[in-house]
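Here are some notes to read alongside the model. They take the ligand site and then the packing of helices.

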Amino acid sequence: MENTFAQDVLKGLSAKDKYLSSMYFYDDNGSRIFREIMNMPEYYLTDAEFEILSMQSKQIYEALNFSGPFNIVELGAGDGFKTFKLLEYLVTNNIDVHYIPIDISQEAIDMLTKNLNQRLPNLKIHPRVGDYFEILKDNRVSEYPSLLLFLGGNIGNYLEDKAKELLRLVNRNMKLGDKLLIGIDIKKNPIVIQNAYFDNHGITKRFNLNLLLRINRELDADFKIDDYDFYCHYNPITGNVNSYIVSLRKQTVELKALNKSITFDYNELIWTELSKKYSLEEIEKLAVASSFKLTTNFLDCKHYFADSLWEK
Ligand SMILES: C[S@@+](CC[C@H](N)C(=O)[O-])C[C@H]1O[C@@H](n2cnc3c(N)ncnc32)[C@H](O)[C@@H]1O
């Protein structure tokens, strides 16, 4: 079977504890609903990181300690909404920078490039479409030092061992002295976190159930959306937010494209996402375990989110 979406869905729904990967949330409709999530007042993550990059670009640049031209290589650049503030500071101050946004989505890269060409015509931009772990290999042969950006708190979607493995892979593709600015959501009042993820507008529920609609469409399945609910839970000790789809009935779903049927018990769960929060001590430990040295944590004014600067 060459369709990895089909393969992954079947594997996850056939497991004893059912799961679906959160990376499949983002079809066109899912990306639109995610923008609604980012616009909710309770979803503090985007605002906090935007504030850091708007207010502390100068301090971030100074902490890099690069003496000449350098690269900014962004992993999963998306719409570059937050990165714009850093780039704007650098261009306005005539700092010689080459911006290399990488994204798997051609559409995202096309929109980002068009937007930056209009708003920052003097920026040298070298967009790349593809998997960032593949493209990152080119970084080792660049003549310039690099600042890698891995923003948005995406590292929190990985279990700790996997996160370390990914960060070590990033590290192996960096030159000595290169820096990584990584967005990490910080442990805070559990009520703030619970409200951001278990929103009472029902938008995150719609975001999760959209994955079942995607399976209906792409794998000719017959999930009845009203028979499912959403639940999520933050554990302030581990820092884990775990999200689930709940089956409200004992029921069977046909995946016709795969000629398979899946049974659900009453109240059975499908685990859909981990969003791990770190304390500042845990961020330092994560850096060291991934062979980095932590230089500075740039925090927003509420200390909700960190853009943590690490050096190889
Ligand atoms: C949740 S968005 C975050 C975008 C941006 N960094 C931010 O903080 O707003 C993740 C982005 O990473 C891209 N992406 C995910 N996995 C990727 C991979 N393996 N290689 C390249 N891009 C990837 C997605 O297409 C998406 O644009």
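1. The ligand site comes first. In this predicted model, the residues surrounding the ligand are Gly76, Ala77, Gly78, Lys82, Asp103, Ile104, Gly130, Asp131, Tyr132, Leu151, Gly152 and Asn154. By class, this shell holds 4 nonpolar, 5 polar and 3 charged residues.

2. Which atoms of the ligand are approached by polar side-chain atoms of Lys82 and Asp131? For Lys82, the partner is an oxygen atom of the ligand, at 2.9 Å. For Asp131, the partner is a nitrogen atom of the ligand, at 2.6 Å.

3. Gly76 takes part through its backbone: an N or O atom there lies 2.8 Å from a nitrogen atom of the ligand. As for cover, the ligand on its own has 600 Å² of accessible area, and the protein covers 74% of that.

4. The next points concern helices. Two packed helices are described by the angle between their axes and by the distance between those axes. Helix H5 spans residues 83–92, and its packing against H4 and against H3 is taken in turn below.

5. Helix H4 covers residues 57–64. How do H4 and H5 lie relative to each other, roughly parallel or roughly perpendicular? Their axes are 9 Å apart and make an angle of about 70 degrees. Angles of 65 to 115 degrees count as roughly perpendicular, and H4 and H5 are therefore roughly perpendicular to each other.

6. On the H4 side, this contact is made by Ser57, Lys58 and Tyr61. On the H5 side, Lys85, Leu86, Tyr89 and Leu90 take part. The residues of the contact of H4 with H5 comprise 4 nonpolar, 1 polar and 2 charged.

7. Helix H3 covers residues 44–55, and its axis is 8 Å from that of H5, at an angle of about 5 degrees. Angles under 35 degrees count as roughly parallel, so H3 is roughly parallel to H5.

8. Which residues of H3 and H5 meet? Phe50, Leu53 and Ser54 belong to H3, while Thr83, Lys85 and Leu86 belong to H5. The contact of H3 with H5 is made up of 3 nonpolar, 2 polar and 1 charged residues. Lys85 and Leu86 of H5 are also listed in the contact with H4.

Definitions and conventions:
Residues numbered from 1 in each chain as written. Predicted model: local features only at pLDDT ≥ 70, side-chain atom pairs only at ≥ 80, totals over all residues. Heavy atoms only, no water. Near = heavy atom within 4 Å. Polar contact = N/O pair within 3.5 Å; in protein donor to acceptor, adjacent residues only side chain to side chain. Areas by Shrake-Rupley, 256 points an atom, 1.4 Å probe, with all protein chains shown as cover. Nonpolar A, V, L, I, M, F, W, Y, C, P; charged D, E, K, R; others polar. Axes fitted to C-alpha atoms, helices over the stretch in contact; angles between N-to-C directions. Helix = DSSP H or I, 4+ residues; strand = E, 2+ residues; numbered from the N terminus. Parallel < 35°, antiparallel > 145°, perpendicular 65-115°, else oblique. Contact = heavy atoms within 4.5 Å.
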